[in-house]
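Here are some exercises to work through with the structure open beside you. Try each task before you read its solution.

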2 protein chains.
Amino acid sequence: MAEQAEFSLIDKYFAELTQQRADIALGIGDDCALIKPQPATCLATSVDTLVSGVHFFPDVSPFRLGRKALAVNLSDLAAMGAQPAFFTLALSLPKIDEAWLAEFAAGLADLALEQKVQLVGGDTTRGPLSITIQASGYVSEASAFRRAAAQVGDLILVSGTLGDAGAGLAIRQQTLDTSLISEADQAYLLDRLERPQPRNALALALRGSVHAAIDISDGLLADLRHILTASHLGAELDLAALPLSSALKQLSDDMTLSLALTAGDDYELCLTMSETAFSDLPADIAQQLTPIGRICQTPGIHFLGKQLPVNLNREGYDHFQV
Amino acid sequence: MAEQAEFSLIDKYFAELTQQRADIALGIGDDCALIKPQPATCLATSVDTLVSGVHFFPDVSPFRLGRKALAVNLSDLAAMGAQPAFFTLALSLPKIDEAWLAEFAAGLADLALEQKVQLVGGDTTRGPLSITIQASGYVSEASAFRRAAAQVGDLILVSGTLGDAGAGLAIRQQTLDTSLISEADQAYLLDRLERPQPRNALALALRGSVHAAIDISDGLLADLRHILTASHLGAELDLAALPLSSALKQLSDDMTLSLALTAGDDYELCLTMSETAFSDLPADIAQQLTPIGRICQTPGIHFLGKQLPVNLNREGYDHFQV
């Protein structure tokens, strides 16, 4: 019982860190939170767990970990076109380390305040370090982006640049020769791994234009394939068109392309819309997106523009038509 | 990537086990679930984590574990007076054991179908065995049971019997002399630990009558104290009135009382209402509740009826007025 009391102190620790919203009738401190959802919208909700040693290095900055744990969930709301509103936190900790907790909470609050989302409940337990966040937001049923909604002829677009987080991971794992990469570029790539920026503002600006969308957590090919499978369609992908950062381009061409296609953790958006919808976008929105291909009738991913990296062919991608 | 594909198969495993509800616009399989909340109600939501070795024995029946993981969350909805509707499951598994998963899923589905709740999303990750469920339901803001709403003169009532799960735990931990307890009674006490029945139907029948409520997860004294603290009031508790099962009463008087007051995991409801409201309840509802005391102005818990067990005085309860 003493332990439970100690652990519930942590709830109090987090309770006042985030936005206080008008749609939250009752936040932390009772058996349930009470939310008054916006009328005539759907509630969009998504849950993700980050486990120490699996999804993050045990020695990662707790500030960055707190921020990222929320970011990956807000990214799912972005992929649905939903306006973020509130979240819960289930935190398992092997012991109570107040300095670590203060930093973790500050990182969480950093993004929560930026995105105006409120922590409404949580559970803190003793156990191996693990973070489960469930984020919820609002979107009308008609304007939600669904994986199954791609249409033949749609442009395939991605936000930001691809593969950076994968390069950051390789730097962290010391599996990358960094002798030719400047320190600033290494720091940039690590930032992309440890401090992903969910694309919620962009997603809201794209409501009404997007057909299908997903966020890139497992790598472009894997995530695009989810859209294609759900929509029962295929894609032509222009390998020469993939948006790459100048930092990533310091790696070999094969490595760069391989990371851009298959590395996870970028949390950029991959979405489809008609060519007309894209050309009607305001310039400041359109310039945040790069067309990388087109939805087609023939199932599978059909590569154009460049040879597929050799290692991809070996890793089971050789059934794709190049 | 192969592993992620394997783990996402588990989502499919769970996807069709539960109720399909009209208020779920989109369930498992996209970036978010989409829910159309009932109009003019609040959404009540609660999250709880069960960690192997902390909250359950690693060798517990996976069927019972799946059922209990959902039960403890539905119990929070009962404590709020909310009608259960949907839930998410974040499951960390050290490895994929299909027989274990089938049993776990069946246990989860058993209660989900009974309570008409739908699994709308989840995340399966590799990691130490841990289960986080977030359950949501509906209740109007006016009829929600809140911890802070107790009033002076209210009866304090509990559902079911107290202390049984604690005795079940002691049997499991082999810290109890079971020579005088029949096998049937031992099985009953273990059932109360491993197969708690959330009191959702009772809670809905009590809407409009209850002032404050909580579910008993940490023990009567600890949980009642949450109501008293939130309401800035005290309680007179009649130790002779605590509802005890015939199985539990086979233990010594001190042990019985100690478990009834401080053992957790019963998942019964503790609630307060006016004497008038209680006498106006239909007989079949009233008989599911036992009056055990009364809310008073003076802070603290004031014991009547019996001597407090010696071990409780030693464990820091001696600041209470007996």
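Helices (H or I, at least four residues) and strands (E, at least two) are DSSP runs, numbered from the N terminus. This is a predicted model, in which local features need pLDDT of at least 70 and side-chain atom pairs count only at pLDDT 80 or more, while totals for chains, interfaces and linings use all residues. Residues are numbered from 1 along each chain as its sequence is written, chains are lettered from A in the order in which they are written, and side-chain values use heavy atoms, with hydrogens and water left out.

**Exercise 1. Place Arg67(A) and Phe104(A), and find what each one touches.**

Step 1: Start with the elements. Arg67(A) sits in helix 2 (residues 62–80) of chain A, and Phe104(A) in helix 3 (residues 98–114) of chain A.

Step 2: Check the accessibility, where buried means under 20% relative accessible area, exposed over 50%, and partly exposed in between (1.4 Å probe, protein chains only). Arg67(A) has 2% relative accessibility, so it is buried; Phe104(A), at 0%, is buried too.

Step 3: List contacts (heavy atoms within 4.5 Å). Not counting residues up to four places away in sequence, Arg67(A) touches residues including Asp110(A), Glu114(A) and Arg195(A). With the neighbours within four places set aside, Phe104(A) meets Phe14(A), Phe63(A) and Ile131(A), among others.

Step 4: Compare sequence and space. Phe104(A) and Gly66(A) are 38 residues apart in sequence, with their C-alpha atoms 4.6 Å apart.

**Exercise 2. Which parts of chain A does the salt bridge of Arg64(A) and Asp191(A) tie together?**

Step 1: Apply the rule: a side-chain nitrogen of Lys or Arg within 4 Å of a carboxyl oxygen of Asp or Glu. For Arg64(A) and Asp191(A), the closest N and O atoms are 2.5 Å apart.

Step 2: Arg64(A) belongs to helix 2 and Asp191(A) to helix 5 (residues 183–194), so the bridge ties together parts 127 residues apart in sequence.

Step 3: Look at exposure. Arg64(A) is partly exposed at 21%, and so is Asp191(A) at 33%.

Step 4: Follow the links outward. Asp59(A), Arg64(A), Arg172(A), Asp191(A) and Glu194(A) are joined in a network of salt bridges.

**Exercise 3. Describe the interface of chain B and chain A.**

Step 1: Count the residues. On chain B, 54 residues are in contact with 54 residues of chain A.

Step 2: Take the buried area, which is the accessible area (1.4 Å probe) that two parts lose on being put together, summed over both. The two chains bury about 4,300 Å² between them, 58% of it on carbon and sulfur atoms.

Step 3: Search for salt bridges. The rule finds six across this interface; one of them joins Asp30(A) and Arg147(B), with 3.6 Å between the closest N and O atoms.

Step 4: Inspect the strands, which pair if DSSP finds at least two bridges between them. Strand 2 (residues 33–35) of chain A runs antiparallel to strand 3 of chain B, with three bridges joining them. Within strand 3 of chain B, Ala44(B) is the bridge partner of Leu34(A).

**Exercise 4. What is the phi of His232(B), and is this residue buried or exposed?**

Step 1: Recall the background. Most residues other than glycine have a negative phi.

Step 2: His232(B) is not a glycine, yet its phi is positive, at about 55°.

Step 3: Locate the residue. His232(B) is in the loop between helix 7 (220–231) and strand 9 (234–238) of chain B, and its relative accessibility of 66% makes it exposed.
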